[in-house]
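Subject: Structure handover

Hello,

Here is the structure you are taking over. Below it are my notes on what turned up.

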Amino acid sequence: MSMENITLIKLMLVFVPLLFIIGFYCVVVTHNLIRALIGLEILTKAVTLLLVFVGYITNNIAFAQPLVITLIVIEVVIIAVAAGVIVNVFRHNKSLDVRSLRSFRG
């Protein structure tokens with residue numbers, strides 16, 4: 001391996017887990033639905049970056065690219081549906097706080 005590959009591996013071994021931890025923290029700790037949605041987006045970006053990185057390291061980019069494209073499409077659908085649910089929750093509740101959702105009845 002060349003020196004630039006080793007530098008890239010070191011960078012990714014720090015950056016991808018950091019992104020994952022930030023996204024997970026946003027989803028778990030926050031009480032705001034928009035922040036949780038942003039945390040979910042950061043989580044999926046970390047997974048996408050990890051897939052591209054593993055494909056590059058294993059010289060199997062042809063397998064990683066369709067996985068990444070599929071992940072991006074699924075991510076867009078999930079984010080769009082979640083954003084629609086959040087807008088509807090805000091219209092009915094006038095708040096984006098997760099704790100205020102307990103007052104909703106089925």
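To begin with one end of a charged pair: E41 is partly exposed, at 25% relative accessibility. The model is a predicted one, so please read the notes below with that in mind.

Salt bridges

How many salt bridges are there? The count comes to three, taking a side-chain nitrogen of Lys or Arg within 4 Å of a carboxyl oxygen of Asp or Glu. In general, side chains of opposite charge can pair when their charged atoms come close.

E41 is paired with K45, and their closest N and O atoms lie 3.7 Å apart. The two residues sit four positions apart in helix α2 (residues 33-57), so about one helical turn separates them. K45 is also partly exposed, with a relative accessible area of 38%.

K45 has another partner: its side chain meets that of E75 in a salt bridge of 3.3 Å, N to O. Here the pair links distant parts of the chain, since K45 is in helix α2 while E75 is in helix α3 (residues 61-93), 30 residues apart. Is E75 buried or exposed? E75 counts as buried, because its relative accessibility is 4% and the cut-off for buried is under 20%.

The remaining pair is D97 with R99, where the closest N and O atoms are 3.1 Å apart. Both ends are partly exposed: D97 has a relative accessible area of 21%, and R99 has 48%. Salt bridges with shared partners join E41, K45 and E75 into one network.

Helix α2

Since α2 carries both E41 and K45, a few notes on this helix follow. It has 25 residues and reaches 36 Å from its first C-alpha to its last, close to the 36 Å expected at 1.5 Å a residue.

Which residues of α2 are buried? They are L33, A36, L37, G39, L43, T44, A46, T48, F53 and G55. The cover over these buried residues includes α1 (3-29) and α3. Helix α3 thus appears twice in these notes, as part of that cover and as the helix that holds E75.

The ends of α2 are as follows. At the N-terminal end, N32 acts as the cap, with a side-chain oxygen 2.9 Å from the backbone nitrogen of I34. After the helix comes N59, which has a positive phi, near 55°.

Regards

Conventions: Residues are numbered from 1 along each chain as its sequence is written. This is a predicted model: local features need pLDDT of at least 70, side-chain atom pairs count only at pLDDT 80 or more; totals for chains, interfaces and linings use all residues. Side-chain values use heavy atoms; hydrogens and water are left out. Buried means under 20% relative accessible area, exposed over 50%, partly exposed in between (1.4 Å probe, protein chains only). The expected span of a helix is 1.5 Å times one less than its number of residues. Contact means heavy atoms within 4.5 Å. A polar contact is a pair of N or O atoms within 3.5 Å; within protein, one must be able to donate a hydrogen and the other to accept it, and residues adjacent in sequence count only if both atoms are side-chain atoms.
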